[in-house]
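Biologist: I have not looked at this one before. Can you take me through it?

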Amino acid sequence: MRIEIINDCTGLDESKIDSWKPYLIKLAEAFEMRSYAKDIPLAIMENAYATLTFIGSDEMREENNEQRGIDKTTDVLSFPILDMNNGNLVDKDSVIDFEFDEDGNKILNLGDILINPDEAYNNADKYGHSIEREIAFLTAHSLLHLIGYDHINESDEKRMIKAQKELMSDIGLAIGDEESELTNHQEDNIAYPAGSIAAHCGYVSILGRPNVGKSTFINYITGMKVAIVSHKPQTTRTNIRSIYNTDDTQIIFTDTPGVHNPSNKLGKIMVGNSFSSAKNADAVLFIVDGRFSTPGAVEKKLLELCKENNKKVVLAVNKSDDVSKESLLPIIGSYSELYDFVDIVPISAKTGDNVYVLLNILSGLLPEGPRLFDSEYMTDQSERTISAELIREQILHFVDQEIPHGTAVEIDSFEEKYEDDAKDEYDRKCIVIKATIVCEKESHKAIIIGKGGQMIKRIGTSSRINIERLVGCKVYLELFVKVREDWKNNDTLLRSYGFRSEDDNV
């Protein structure tokens, strides 16, 4: 399914719409995969579309006058094509007026959505969230209206609010009560505590060589930066657990370090933890780079491990946005000769293409049972731990290639300061962080600090901005640099920096 966007709003910059498009693309995909339009086959929904037009306040007032007899401007209007009720055709025998593409495939027009950006910005300010979230919510709300969802009575209202929350959660912009108030109806957040029943719940280990997009995938499904991303290999060093929740599913993903030939004790720990994660998982998500058609020694080794442990494996061919569909066929053929995969899915972890198809497949492989984590949790990593990784990400970004993998970041102190009238743990005024960057050589230390301290200042500023996005309050960050020669082969230092084997019970 797709959303066609038209800008008829004077003064609305196209760059603003471009910043909203990624969420709208994900929303259309989630809407299709959720199959809310129960009487429309998935094959037809794949070619369905809705038109979203941005219009000004005066034009919205005119539409309200003409269509509803109301002399006022509102945030959104929707005009369905089909006669539906909660996703079901009111008259199943009615003839649907399909359009057809040049190949003769049926195309279904679901209807039109009008959004007034001025009112959308007012709503975002009123409820204290981003304009991206507001535009996505109004669109999700309208898409449901197009297939007959409504809030004219209590049962319909609950059904619609539940669907809205599912869609917003799917695209990483999970909503709370404030968005529900946009329909002038209030409902408590649906929360699922640990121990509550989910139809499918379990662990999925993500395997692959460095730089195939494992961390990008994790960040996409959680909607937040849990794992750091860099074009340099071996960015992830520890197994990072991230949690994907829906009403009937809880998938605990383990993002493992990219498997490579280790040259030191740190590398051996990283590779060992990857193997350990796969052995203990309910299923394995094996991610490969779609730009390379031939499996290498690393991929063959990983698949042998999975075969030895009789693992259910789904192959995701990532970076499908960078290659043609035709070029994926030989890749799929090459890997199919190596393993009997449960399924093979081309995806783009960057754009979200086919990610929700992949999630549905993985969900079906997991056992039935209670949730292992409260549904509000997206990761088992603490803010302190993620902050250290966000600092290391900026070192990877700014410093020359020979240095980054010789560095570690140690959080010396993480002090939370609260408002005088703070009501709960989230009413933080600021966080004061002191951290030490550990490197292997004095020459590396000089580069990290930079001439006149410019490099360390640049690293600190970028790190602080990213940490503030994570914690939602002001951050004061102080960085130090110290040398610990050959720390990557020192057992004591490795343990003190948080690197230890998952099989090590000492």
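What follows is a chat about confidence, overall make-up, one sheet and some ring pairs.

Biologist: What kind of model is this, and what is the mean pLDDT of the chain?

Modeller: It is a predicted model. The mean pLDDT of the chain is 79, and 79% of the residues reach 70 or more.

Biologist: Which elements have the lowest and the highest mean pLDDT?

Modeller: Among the elements of the chain, the lowest mean is 40, for helix H7 (residues 177-180). The highest is 94, for strand S2 (residues 48-55).

Biologist: Where does pLDDT stay under 50?

Modeller: One such stretch is residues 177-190, where the model has 37 contacts beyond four places in sequence. Another is residues 502-506, with nine contacts of that kind.

Biologist: Back to S2. What is Thr53 in contact with, leaving aside its neighbours within four places in sequence?

Modeller: Thr53 is found in strand S2, and its contacts on that count are Ile6, Asp8, Ile113, Leu114 and Ile115.

Biologist: Why does Thr53 count as buried?

Modeller: Because its relative accessibility is 10%, and buried means under 20%.

Biologist: Changing topic: how many helices and strands does the chain have?

Modeller: The secondary structure comes to 16 helices and 18 strands. The chain has 506 residues, of which 51% count as buried.

Biologist: How much area does the chain expose?

Modeller: About 23,600 Å², with carbon and sulfur atoms supplying 46% of it.

Biologist: And what share of the contacts join residues at least 24 apart?

Modeller: That share is 73%, taken among contacts in the chain between residues at least 6 apart in sequence.

Biologist: Now the sheet with S16, S17 and S18. In what order do the strands come?

Modeller: The order is S16-S17-S18, in an open sheet with mixed pairing. Strand S16 (408-418) and strand S18 (474-483) are the edge strands, each pairing on one side only. From one strand to the next, the twist averages 15 degrees.

Biologist: How many bridges join S16 to S17?

Modeller: There are 10, and S16 and strand S17 (residues 428-439) run antiparallel. Glu415 stands opposite Val432 in S17.

Biologist: Which strands do helices H13 and H14 lie across?

Modeller: Helix H13 (residues 383-398) lies across S16, S17 and S18, and its direction is about 130 degrees to S16. Helix H14 (residues 442-449) lies across S17 and S18, at about 155 degrees to S18.

Biologist: Last topic, rings. How many aromatic pairs are there in the whole structure?

Modeller: A search finds six. One of them is Phe217 with Phe253, an edge-to-face pair at 5.5 Å centre to centre, with 80 degrees between the planes.

Biologist: Where do Phe217 and Phe253 sit in the chain?

Modeller: Phe217 is in helix H8 (residues 214-222) and Phe253 is in strand S11 (residues 249-255). The two are 36 residues apart, so the pair links distant parts of the chain.

Biologist: Are those two rings on buried or exposed residues?

Modeller: Phe217 counts as buried because its relative accessibility is 0%. Phe253 is also at 0%, so this residue counts as buried too.

Biologist: What about Tyr339 and Phe341?

Modeller: Tyr339 and Phe341 form a tilted pair, 5.3 Å centre to centre and 45 degrees between the planes. Both residues are buried.

Biologist: Which residues do ring pairs link into a cluster?

Modeller: Phe31, Tyr36 and Tyr149.

Technical notes: Residues numbered from 1 in each chain as written. Predicted model: local features only at pLDDT ≥ 70, side-chain atom pairs only at ≥ 80, totals over all residues. Heavy atoms only, no water. pLDDT = per-residue confidence, 0-100. Helix = DSSP H or I, 4+ residues; strand = E, 2+ residues; numbered from the N terminus. Contact = heavy atoms within 4.5 Å. Phe/Tyr/Trp six-rings, centres within 6.5 Å; stacked < 30°, edge-to-face > 60°. Buried < 20%, exposed > 50% of the residue type's maximum accessible area, 1.4 Å probe, protein only. Pairing = 2+ DSSP bridges. Axes fitted to C-alpha atoms, helices over the stretch in contact; angles between N-to-C directions. Areas by Shrake-Rupley, 256 points an atom, 1.4 Å probe, with all protein chains shown as cover.
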